[in-house]
Amino acid sequence: MFRCGEELVSGESEEESNGVNLMEFSDEILLHILSYVPCTDLVLNVRKTCRKLATLCLDKSLTHTVLLQKDYKVNKDKVKQLMRDIGKEIYQLNMAGCYWLPSSTIDHVIRCKNLVKLNLSGCHITSLRLSKMLSALQHLRSLAIDVNPGFDASQLSSECKATLSRVSELKQTLYTPSYGVVPCCTSLEKLLLYFEILDRSREGFMLSGQLMVGESNVPHYQNLRVFYARLAPGYVNQEVVRLYLAVLSDRTPENLHAFLISAPGSFAETGATKNLLDSMARNVRLDALQLPKAWINGSGLLQHLKFNNPFYFSFSRCTLSGGHLIQRVINGGKDLKSLTSLNLSGCVHCLAPESLFRKAEDDIDSSILESLVVSCCNLRHLNLSAAHHHSSDSIGNHLCQLLSRLKHLLSLALPVCSITDVAANVEKPPTQPNAAPQTFGKKVRVGIQTYPRNLTDQANQKIESSVFWTLMGSLRFLETLEIIGSSFSSAMPRNEPAIRNSLPPCVRAQSVGDSEVAAISQLTYLQSLTLAQLPNIITGSGLVSIGLQCQHLRTLSLANLGMMGKVVYMSALMDMLKHCKCLRDLRLEQPYFSAGAQFFQALSHCSSLQRLCIVSRSGTLQSDAVMSFMASCLEVVMCHMFMGESLTVCRNLQQSIVRSFQADRPALNVVIFPLLHEDLTEVIRDVPMRHLDEITLFKSRVAEEPPNLWW
């Protein structure tokens, strides 16, 4: 039942030989052990083993909250039996992302009469089924649903609307222009909106974001404390969110303490939004803030907003200068110990005094970063990616040295060029095996730098003296790390064709390679690792060190490492995978990647793997090897491969996988498709949002949202 540190003590002979009987443990210890077992297994299987476990498995501490959101083996019959056995004991039910369950499964939720919190995001549900279910859940206070095309609020019964009127927390994912159930929720304190509306229908018709004015009927925002909106690319999403904001602009809730809008690209400010922000500046004190870049750039908004013990700031992609950041946000060094999460992704000038007349590649002002580190000493999540943060050669002022003071960091995202050792760059130009000579004349043979394959030899080479090695050694409790090239852009599209001209790596990043990757192996508790556009990967030996030392690693994303014309780290990657027993998600993006028998044989050692995504322009795959891998790794429920193979090869392999494994894996989601095919965007829109958002699309996820925003 357990994997990766959650293994069940197995075999009576083993118990007898060690003189330990699991049933002799105290109830408290057994309950703690059982808390790691999926609830469906507890109720439907473990409970039947003996009388003691039959009682413990129904303990309120285990049945109060039921999490099915990543229980990929659950099916309609198991949900039905679960609700029948313990439905009345469930107060919180999370079925988010259970896309494989039929809509009729929702009918069984009615048995949970005492539900207070319910998450059905990603589940298939009609207006009528929602109405019937909510009519029976009179104690519900927190709800998360999807609003799909065909949703009709007029089908909601009066009993359903009465339940919605008592809901204080609502999360809606909108796939069609609609207010959803918001007009019925008259007691809202927290409203989360995810806009995933496409500009065109499946038939190719342009969609409009205009809604009937009378449909809003939302004069009920006076209790609102948290407003969050995340927009996918597209004009319609912007149109619809403006309608929601128009209601807020009429009367700004006095208790509002978190106002967050995440919008990609340009999202212009209007008269209504300006009035809203002006009203917020006068009437509220915020704890969390995120605004589209156009709303902040060039305005004095931050100077007027008031904050009260803030815990989350996001200025992603803003042109905010370091001077403004220090003076307007942390008020010249004001005590900001309450701040736990800060997103400065894409803020190219945030560590420089002024943005005027400054090149993005110029050295940072270390005093600004030092002020930030001193004032925000309790930061747990920090994102500095998608920018050039070059340190000067002054001693003790390197970005890595300053960040090493943040002892509470749990997640960190940095650009590749920020971790390079300045002194090393000055003394020794980086090896660029894939770069052409810049001058005419006789070609110079460039020797390939080699790195040792174990930590002992690395110690002998004294790479521990580098600033990045020191940083990794000081952040021993870091769980998430992203090292992403400042010029990197994924070949995987969001709503556009997969034809992009990749920019060359930053010059300062040219020396970052195997030794820096090896330094990451010091992070004993690392759970998620992203490495993208590290040009000086020669052998990939650092990956092997990570595989050996980071035994808690669950998510691995590698993109564009080393030379682009050849996968130079394949051998090391295969060695690494043999040690990754806890790995659940693997994403690989690399041109000319060959997904053959040797690769899949190594990947088969990852016995806990659940999701695999490979993106490779001109890449190849071996169908027989994929089938053998799927047969040996029984936990895999998502296989996405976007390669250079023909449409016929991709379709045949996809159909073979579905035919062979769908019956035993109800959650199986397979997409195998040519990366450069013109219909790729149509294929992408059918991918379940859980997979699309969490693994298929590449993005920085550190400090993307406030901590504990929802569940």
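## Val20, His381 and model confidence

Val20 is partly exposed, because its relative accessible area of 41% falls between the limits of 20% for buried and 50% for exposed. This value, like the others below, comes from a predicted model. Val20 sits in the loop that links helix H1 (12-18) to helix H2 (27-34). Together with Phe25 and Ile29, Val20 makes up a nonpolar patch on the surface. The accessible area of Val20, Phe25 and Ile29 together is about 230 Å².

A second site is centred on His381. This residue belongs to strand E12, which covers residues 381-383. Leaving aside residues up to four places away in sequence, His381 touches Thr340, Ser341 and Leu342, as well as Leu409, Leu410 and Ser411. Ala703 and Pro707 are also touched by His381. With Ser411 there is a polar contact between the two side chains, at 2.7 Å. His408 lies 27 residues from His381 along the chain, and the C-alpha atoms of the two are 8.8 Å apart.

How confident is the prediction, and what is the mean pLDDT of the protein? The mean is 88, and 88% of the residues reach 70 or more. Two stretches with pLDDT below 50 are listed here, with their contacts beyond near neighbours in sequence.

| Stretch | pLDDT | Contacts in the model |
|---|---|---|
| Residues 1-16 | below 50 | 21 contacts |
| Residues 426-456 | below 50 | 34 contacts |

Note on methods
Residues numbered from 1 in each chain as written. Predicted model: local features only at pLDDT ≥ 70, side-chain atom pairs only at ≥ 80, totals over all residues. Heavy atoms only, no water. Helix = DSSP H or I, 4+ residues; strand = E, 2+ residues; numbered from the N terminus. Contact = heavy atoms within 4.5 Å. Polar contact = N/O pair within 3.5 Å; in protein donor to acceptor, adjacent residues only side chain to side chain. pLDDT = per-residue confidence, 0-100. Patch = residues over 30% accessible without salt bridge, like charges linked within 9 Å, V, L, I, M, F, W, Y side chains within 5 Å. Areas by Shrake-Rupley, 256 points an atom, 1.4 Å probe, with all protein chains shown as cover. Salt bridge = Lys/Arg side-chain N within 4 Å of Asp/Glu carboxyl O. Buried < 20%, exposed > 50% of the residue type's maximum accessible area, 1.4 Å probe, protein only.
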